Amino acid sequence: MSQPPAGRDTPRASALAGELRVLIGKLGRRLREQAYLGDLTWSQVAVLGRLERDGPATVTTLARAEGMRPQSMGANISALEAAGLVTGAPDPSDGRQTILSLTPACQDWIKASRAARQDWLFRAIQTNLAPREQEELASAVELLKRLVDS
């Protein structure tokens with residue numbers, strides 16, 4: 001573990017790190033509460049997120065990426081296909097494989113869910129923070145970006 005540069009307030013930075021970790025966890029939970037999942041499990045939502053971020057994939061690729069057994073991933077995919085959220089097509093380079101992708105209905109659902117979370121956060125900022133505090137939050141967001149990019 002590396003030592004902090006001399007002159008840095010190590011106890012304060014450590015306390016701030018702990019507070020920030022807890023706060024970001026709470027914010028994440030509040031945002032997840034705003035998302036309508038229907039009958040989907042968090043594991044299924046994770047698969048949809050992976051397909052949205054990384055594009056079409058096979059069951060094996062998804063299972064590896066999510067740290068699951070292919071059989072468990074297959075059960076998730078079957079439920080997602082039955083819900084009309086995922087569709088499969090033969091792999092052009094290996095007909096034994098199926099390439100899975102999001103349906104247009106799923107893409108619309110993801111956009112609506114994201115918009116609901118964005119709207120909740122917007123309303124929370126508008127309602128709870130004065131204009132000066134909103135400027136402070138904007139500055140804090142820039143600092144958080146620097147932390148994430150470090």
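**Exercise 1. Work out how α2 sits against α5 in this predicted model, and say which residues meet.**

Solution. Start with the axes: those of α2 and α5 come within 11 Å and cross at roughly 105°. Angles from 65 to 115 degrees count as roughly perpendicular, so α2 is roughly perpendicular to α5. Next, look at who touches whom. On the α2 side you'll find V45, L48 and E52, and they meet C106, W109, I110 and R114 of α5. Finally, sort this contact by class: five residues are nonpolar, two are charged and none is polar.

**Exercise 2. Find the angle between α2 and α4, then list the residues in their contact.**

Solution. Helix α4 covers residues 70-82, and it packs against α2 at an angle of about 80°. Their axes are 10 Å apart. The angle falls in the 65 to 115 range, and therefore α2 and α4 are roughly perpendicular to each other. Now the contact itself: S43, Q44, V47 and L48 come from α2, while α4 brings M73, N76, I77, A79 and L80. By class, that gives six nonpolar and three polar residues, with no charged ones.

**Exercise 3. Describe the crossing of α2 and α3, including its hand.**

Solution. First, place the helices: α2 runs over residues 42-54 and α3 over residues 59-66. Their axes come within 11 Å and cross at roughly 110°. That makes α2 roughly perpendicular to α3. As for the hand, the crossing is right-handed. Then go to the residues: A46, V47, R50 and L51 of α2 meet L62, A65 and E66 of α3. The class count here is five nonpolar, two charged and no polar residues.

**Exercise 4. Which helices line the largest pocket, and which one gives the largest share?**

Solution. Begin with the volume, which is about 940 Å³ for the largest pocket. There are 25 lining residues, and those closest to the centre are L20, L23, I24, A140 and L144. Now turn to the helices. At least two lining residues each come from α1 (10-34), α5 (104-128) and α6 (131-149). The largest share belongs to α1, with 11 residues. To finish, check the classes: the lining has 19 nonpolar, two polar and four charged residues.

**Exercise 5. Do the same job for the second largest pocket: what is its volume, and which element gives the most to its lining?**

Solution. The second largest pocket has a volume of about 480 Å³. Its lining is made of 20 residues, and L31, A35, S113, R114 and R117 are the closest to its centre. The elements giving two or more residues to this lining are α1, α2 and α5. Of these, α5 gives the most, with nine residues. By class, the lining divides into 11 nonpolar, four polar and five charged residues.

**Exercise 6. Where else does R114 turn up, besides the lining of the second largest pocket?**

Solution. Go back to the contact of α2 with α5. R114 is one of the α5 residues there. In the pocket, R114 is among the residues closest to the centre.

Note on methods:
Residues numbered from 1 in each chain as written. Predicted model: local features only at pLDDT ≥ 70, side-chain atom pairs only at ≥ 80, totals over all residues. Heavy atoms only, no water. Axes fitted to C-alpha atoms, helices over the stretch in contact; angles between N-to-C directions. Helix = DSSP H or I, 4+ residues; strand = E, 2+ residues; numbered from the N terminus. Parallel < 35°, antiparallel > 145°, perpendicular 65-115°, else oblique. Left-handed = near helix turned anticlockwise from the far one by under 90°. Contact = heavy atoms within 4.5 Å. Nonpolar A, V, L, I, M, F, W, Y, C, P; charged D, E, K, R; others polar. 1 Å grid on protein atoms, 1.4 Å probe; cavity = no way out; pocket = protein on both sides within 12 Å on 5 of 7 lines; lining within 4 Å. Points joined across faces, edges and corners; volume = space filled by probe spheres on them.
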